Structures are given as structure tokens and as C-alpha cells.
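Work through the following exercises with the sequence and the model at hand, and compare each step with its solution.

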Amino acid sequence: MSKTIRIGSRTSKLAVVQAEIVAATLKAQFPDYNFEIVTKTTLGDNVQNKALYSFGGKSLWTSELEELLVSTEPESIDMIVHSLKDVPTNLPDEFKIGAILDRADPRDVLVVRSDLVYKSLSELPPDSVIGTSSVRRTAQLRRRYPQFQFKVVRGNINTRLAKLEDPEQGYTCLILAAAGLLRIDLGDKITQYLSSPDVLYAVGQGALGVEINKGDEFTQTLLDKVRDMPTTLVCTAERSLSNKLESGCSVPLGVQSIISPDSVVTIEACITSVDGKEVATGKLRRTVKTEEEAEAFGEDLAQLLISQGAGTILEKINYDKLSEN
Ligand SMILES: NCc1[nH]cc(CCC(=O)O)c1CC(=O)O
């Protein structure tokens, strides 16, 4: 009997599609192995009505699956496929990211309710209600479009789209990640792709991250064959920036990155105050060929942002969070 590798995934359609991408990529390299997808509901999936950031971290999307990763029981798994943007930059000590692969379009998009004619943010009427639970999206949009209102929307992509179409909910539009919509064949919902200076995306957005046990050299060997190196370099730089700024998911850090065929990385980044009134921006361009160079790139970009006032904006955010508790 040939060896079976078990790939853990959350239960949402997007999570399963992403796990299937990794399974297919591995199967192409290792046709003699079986790759099986194991799904599990996480706490995050069950918390639909509170803003994510009130739960103090992203591990609520990963803990139940990590339990299966360390388990020695038959139901244990060998790896977990994540949207890289949902993976905290500081993983618990026993785990690591074994590989980063396949970045789909990393941009955020505008999805306007289907009975409305508006084609872009600039066409939306002043009292429009923007559905998003992301402080990053809200802060950046408040800065550029202070006339809009913002309303939290939770749930997986299909749940959010259903809420958008329900007139009782009062949303004019949603802001979502292009990657998620494209991967589950809902690209036709996209009204406008957003980019700088409107909205910069989340660190790691659109890329897949595979989490494994730190000591699991066998699974690491498999993943070494499927890593996407340009994506790895760019996302390592983005995650290093985020880590240096100590920004979790609750911090309005946006990035827009490119890597040229000859490995020149350009990252534009911004930290925006929650009210949208202050912003610190920075842009760095440099040849990056190793993960160490990518780490250093992120640290230098963090320094640049701090010199532009990012520290003051972050201190204010941390202070406000403390006083909420
Ligand atoms: N916030 C949840 C989340 N995590 C990953 C994606 C989409 C896929 C990706 O960004 O890789 C989404 C949905 C969204 O932000 O619209």
C-alpha cells in the first residue's frame, strides 16, 4: 500500500480548494503517494458575529488543526494548509511554515450589491455602507473616503455575499480579497480591483502557507519540492515587516509588493490610524535572493515606516486597545 499524506484544512469551501491546490501540487511531484484532505471546524468558524480583532489574535483559526498536527493518533495530520495572511508571524514553538506557494491576485476588491449600478469606490454615494470587519480596510478607506459608513460583516465568503444581497442588512458593498473569490469561482462578483493609494492589501494575502511540525523532516522534504520561491521571498519580507512592527491582524498595515524576474523586490507599505486621519508610508526596492535578505528587507522597511511616524500611530492603537479591556 502506498503512503498516505494527510493534509488538514478548515471546512470552508475556500479552505478546501486551497488544500486541494497544495495536494495537486504535491501529487504532481510525488505521484506514488496518496494525498488526503482532512477537514476540521475551528473556533474562528463558529464566531460569526463579533469582530475578529476582539479575540486577541489569529490562532483561533489554527488551534484545533494544530492539535491534529501534534497528535499521534490515527486521525493525526501531516500538514495544515492556510491562507498565509491568517497565519500569525509568531507561530507556537513546535510548528513552522514548511513552504509558501501559489500567490493568487493579492489585491482587495470592491463587490457592489448586484441591484446597484456603481462601478467603483469613487462612484458610490456619500452615505454608502461598506461591509468589512478589517481594521486595515476600514482605516485606509476612511482616509480616502471619509463620507462612507462602515459596518462589520462576518462569516465565510458566501455568507458575506448573502448578507450583502439582503436589503434588510443595509450594505451597499463589501471589500473582500480577490484571491478568495477567484479561487471559488466567484470572480464575476468583483466590481473593482483596489490598489494604492485606495487600499493596500494584507501581509501574505493571496498566498498559501503550509504549517508542519518543526521536527518533521520527511514532510519538509516533500514541501521543499513545491515551494514557490518568488512568493516565498516577497511574503517573507512582508511578514518580517509585520513582525518588526508587532502588528497582528488588528493593526492597519497594508502592503503592495512586486518581485521582478531578476529578483528585485519592491514593497510599498502603510500604517493608517484607525480614524483614517494619520498615515505613515514607505517604499523600498532592493534585490532579494535569500530568505535572510527578505527578513532584512522587511526590517529595513519597518524602520523606514517608523521614521515616517508609524510608531506613534501604533502606540495610539495599542493604548486604545488596552483601555477597551
Ligand atoms: N479574512 C479572512 C480571509 N482569509 C483569507 C481570505 C481570502 C484569501 C486570501 O487572502 O488569501 C479571507 C477572506 C477575505 O479577506 O476576503
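**Exercise 1.** Find which residues A269 is in contact with, leaving aside its neighbours within four places in sequence.

Solution. Take two residues to be in contact if their C-beta atoms, placed from the backbone, lie within 7 Å. A269 then meets L200, L241, L253, G254, V255, T281, G282, L301 and L305. Next, place A269 in the largest nonpolar core, which has 82 residues and in which V210, A237, A269 and I271 touch the most other members. Such a core is a set of buried Ala, Val, Leu, Ile, Met, Phe, Trp, Tyr and Cys residues joined through C-beta atoms within 7 Å, where buried requires 20 or more other C-beta atoms within 10 Å of a residue's own.

The model is predicted: local features need pLDDT of at least 70, side-chain atom pairs count only at pLDDT 80 or more, and totals for chains, interfaces and linings use all residues. Residues are numbered from 1 along each chain as its sequence is written.

**Exercise 2.** Determine which residues surround the ligand, and where the ligand shell lies relative to the domains.

Solution. With a C-beta atom, placed from the backbone, within 6 Å as the criterion, the shell consists of S83, K85, D86, L176, A177, A179, G180, Q205 and G206. Domain 1 (1–102 + 207–227) and domain 2 (108–193) both contribute residues, so the shell lies between them; these bounds come from an automatic or database domain assignment.

**Exercise 3.** Describe how domain 2 meets domain 3 (228–325).

Solution. Their centres, taken over C-alpha atoms, are 24 Å apart. Seven residues from domain 2 and ten residues from domain 3 make the contact.

Conventions
A residue is buried if 20 or more other C-beta atoms lie within 10 Å of its own, exposed if 12 or fewer, and partly exposed in between; C-beta atoms are placed from the backbone.
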